[in-house]
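Let's take a friendly walk through the inside of this protein, starting with its enclosed spaces and moving on to the way some of its helices meet.

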Amino acid sequence: MDPNSETKILTSNPSETQNLEQQGSTGSSWLLLVAAGAASLSGLMLGYEMGVTSGVLLQLRGLLRLSCREQELLVSSPLLGALIICLAGGPILDRYGRRCSLLLSAALVVGGSIVLIAASSLITFTLGRVIVGMGTALSGSGACLYIAEISPRERRGLLVTLYEFMLVVGVMLGFSCSYAFTTLPHGWAYTFGLVIPPALLQISVLVFLPPSPRFLVTQGKVEQARTVLARMRGGAPEHVEKELLDIRTGIKEESEHSFWELFSTKANLRSRLLTGVALVFLQQATGQPNILSYASPLLRSVGFDSDAAATLASTGFGVVKVVGTIPAVLLVDSVGTKSFLCGGAVAMGMSLVALGALTHQSHTNLTSLCTSHTTLNHTRTAWDLNETSVDLGNSDIFLTDLPEQWSSEESQRTTRADDGVGESGGGSTYGGGSSLLKWASLISLLVYVAAFSISLGPMVYVVLSEIFPMGVRGRAVSVVSAVNWATNLLISMTFLTITEKIGVANVMFLYAAMSFVLLVFVIFCVPETKGRTLEEISKELAKK
């Protein structure tokens with residue numbers, strides 16, 4: 001139907017117009033929700049991969065006899081893949097669109113997971129996780145942009161934070177599945193394979209969904225963009241025409257931007273880019289990736305005496321992330337991103353100070369983990385999963401008995417064989433002191449995870465989807481994402497090494513200091529975007 005004729009019909013009868021608007025809004029709400037939900041499956045897959053890391057690490061480090069450097073390689077390999085795809089992801093996002101990028105990323109996740117299921121060596125595991133990392137990283141960038149560009153301004157914050165909500169649900173599922181398959185033969189294979197169904201579901205839904213209206217306008221397909229807007233919004237056609245006009249006007253003003261202008265003073269692009277880069281750097285520098293990736297080993301170090309107990313306790317991180325994200329999703333449009341970021345930074349800093357004090361009091365450190373694995377690695381021969389899989393069901397294939405082995409190699413250490421807790425020559429206990437300190441440390445960690453989940457986790461994605469002009473948004477987000485993954489890679493690859501040098505307590509104090517730096521940065525440098533369209537935000541930032 002011609003849009004003009006549809007406008008005449010709707011304006012001829014006010015009561016009929018109201019009824020049609022209500023019906024159209026209901027239909028469009030369902031379409032909008034399905035599109036946002038399908039894109040948010042990217043968050044579910046990324047979160048799942050983050051959640052399985054620490055539990056699978058406990059299984060594979062015993063099976064493959066991994067040294068600390070090899071453990072860091074296994075943990076950081078998806079981040080390497082994410083960094084690689086981010087360097088090339090901008091042109092893919094801008095040229096082929098967000099929806100096609102999501103389809104490609106889901107295919108990469110499926111392919112990488114198949115490699116992991118069939119893996120039989122550290123090299124194969126690393127390759128599979130690099131491929132999965134490429135898929136989840138491209139998927140994350142594309143999903144946030146797609147959701148932001150299909151959402152009306154009054155629902156944009158809610159729908160973008162839906163991605164973060166799905167991410168934390170994925171983290172919870174990852175921790176839970178790691179625990180469920182801990183004692184099964186080839187349990188790691190089941191854990192890696194469970195990400196395939198949501199990837200296939202995302203592909204099957206996305207093929208029926210339209211591209212974002214803003215992407216269609218950038219490709220010169222204005223009529224298709226009008227049709228998609230009408231389906232997404234419903235209601236009066238004049239509202240659709242007004243939004244389409246705003247999109248076209250904004251894109252026309254921004255179409256002259258080149259990639260290198262991101263680093264220029266034109267429209268304050270360099271300042272916007274630096275804001276995004278600093279925000280994601282601080283997001284990683286406050287320690288969240290290490291808390292998740294090394295959750296189970298860290299919990300073992302504060303007194304949880306077995307792999308199963310540590311993995312089960314780390315599952316609480318996933319539950320807390322889900323619960324903490326719910327208020328962020330529901331209140332972001334009314335409270336605003338800046339308020340959430342400030343409150344979360346304060347809570348994170350205080351909980352990390354408490355955790356540092358507790359671990360210092362209990363003399364907790366991870367030095368024995370690195371030293372002992374390195375010692376074992378010097379005397380081991382090449383292991384292959386096909387040769388050792390028959391022993392997977394035995395308890396000694398996991399690391400619950402390894403502290404006993406370490407104690408025989410270190411003359412200054414005494415061992416309690418019944419609970420696997422040893423005391424090093426340096427006077428520190430692997431078990432982490434009294435039961436009270438153990439549970440207090442766990443509570444501090446949970447508060448820290450909750451504070452991150454209600455603030456820095458979801459709000460960074462909202463800010464990044466709003467502060468860049470449409471013409472360079474894909475490339476800008478790719479640059480910021482590359483910095484994000486590079487920082488994450490650096491922090492994860494050096495966590496065990498740095499902890500060996502300075503101890504857990506000093507690492508926690510360092511993360512706390514970065515949380516307070518984040519607070520100052522948000523107060524002075526992050527704009528408030530509540531209740532504004534993307535075009536209004538872009539115009540205001542261009543003037544500052």
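What follows covers cavities and then helix packing, in a model that is predicted.

**Enclosed spaces**

How many cavities of 30 Å³ or more does the structure hold? There are six. The largest of these cavities has a volume of about 640 Å³. Its lining is made of 40 residues, and the ones closest to the centre are Leu 46, Met 50, Tyr 461, Asn 484 and Trp 485.

Several helices share in that lining. H2 (14-63), H3 (68-117), H4 (122-150), H5 (153-180), H11 (269-285), H12 (288-293), H20 (456-464) and H21 (470-502) each supply at least two residues of the lining of the largest cavity. Which helix gives the most? That is H4, with nine residues. By class, the lining of the largest cavity has 21 nonpolar residues, 15 polar ones and four charged ones.

The second largest cavity has a volume of about 90 Å³. It is lined by 14 residues, of which Val 332, Asp 333, Glu 466, Thr 529 and Lys 530 are the closest to its centre. Here the class make-up is two nonpolar, five polar and seven charged residues. H5 and H14 (307-335) each supply at least two residues of this second lining, and H5 has the largest share of it, with three residues. H5 thus appears among the helices lining the largest cavity and among those lining the second largest cavity.

**How the helices meet**

Three helix pairs are set out below.

| Helix pair | Axis distance | Crossing angle |
|---|---|---|
| H5 and H20 | 9 Å | about 135° |
| H11 and H22 | within 9 Å | roughly 155° |
| H4 and H5 | within 9 Å | roughly 160° |

Let's begin with H5 and H20. Their axes are 9 Å apart at an angle of about 135°, and the two helices are therefore oblique to each other. H5 passes H20 in a right-handed crossing. On the H5 side, the contact uses Gly 157, Val 160, Thr 161, Tyr 163, Glu 164 and Leu 167, which meet Gly 457, Pro 458, Tyr 461 and Val 462 in H20. Sorted by class, the residues of this contact are six nonpolar, three polar and one charged. Tyr 461 of H20 takes part in this contact and is also listed with the residues closest to the centre of the largest cavity.

H4 also packs against H5, with axes that come within 9 Å and cross at roughly 160°. H4 and H5 are therefore roughly antiparallel to each other. The crossing of H4 past H5 is right-handed. Gly 140, Ala 143, Cys 144, Ile 147 and Ala 148 of H4 meet Arg 156, Leu 159, Val 160 and Tyr 163 of H5. In this contact, seven residues are nonpolar, one is polar and one is charged. Val 160 and Tyr 163 of H5 meet H4, and these two residues meet H20 as well.

Finally, what is the angle at which the axes of H11 and H22 (residues 504-525) cross? The axes cross at roughly 155° and come within 9 Å, which makes H11 roughly antiparallel to H22. This crossing is left-handed. H11 contributes Thr 275, Ala 278, Leu 279, Phe 281, Leu 282 and Ala 285, while H22 contributes Tyr 511, Met 514, Val 517, Leu 518, Phe 521, Val 522 and Cys 525. The contact of H11 with H22 has twelve nonpolar residues, one polar residue and no charged residues.

How values were computed:
Residues numbered from 1 in each chain as written. Predicted model: local features only at pLDDT ≥ 70, side-chain atom pairs only at ≥ 80, totals over all residues. Heavy atoms only, no water. 1 Å grid on protein atoms, 1.4 Å probe; cavity = no way out; pocket = protein on both sides within 12 Å on 5 of 7 lines; lining within 4 Å. Points joined across faces, edges and corners; volume = space filled by probe spheres on them. Helix = DSSP H or I, 4+ residues; strand = E, 2+ residues; numbered from the N terminus. Nonpolar A, V, L, I, M, F, W, Y, C, P; charged D, E, K, R; others polar. Axes fitted to C-alpha atoms, helices over the stretch in contact; angles between N-to-C directions. Parallel < 35°, antiparallel > 145°, perpendicular 65-115°, else oblique. Left-handed = near helix turned anticlockwise from the far one by under 90°. Contact = heavy atoms within 4.5 Å.
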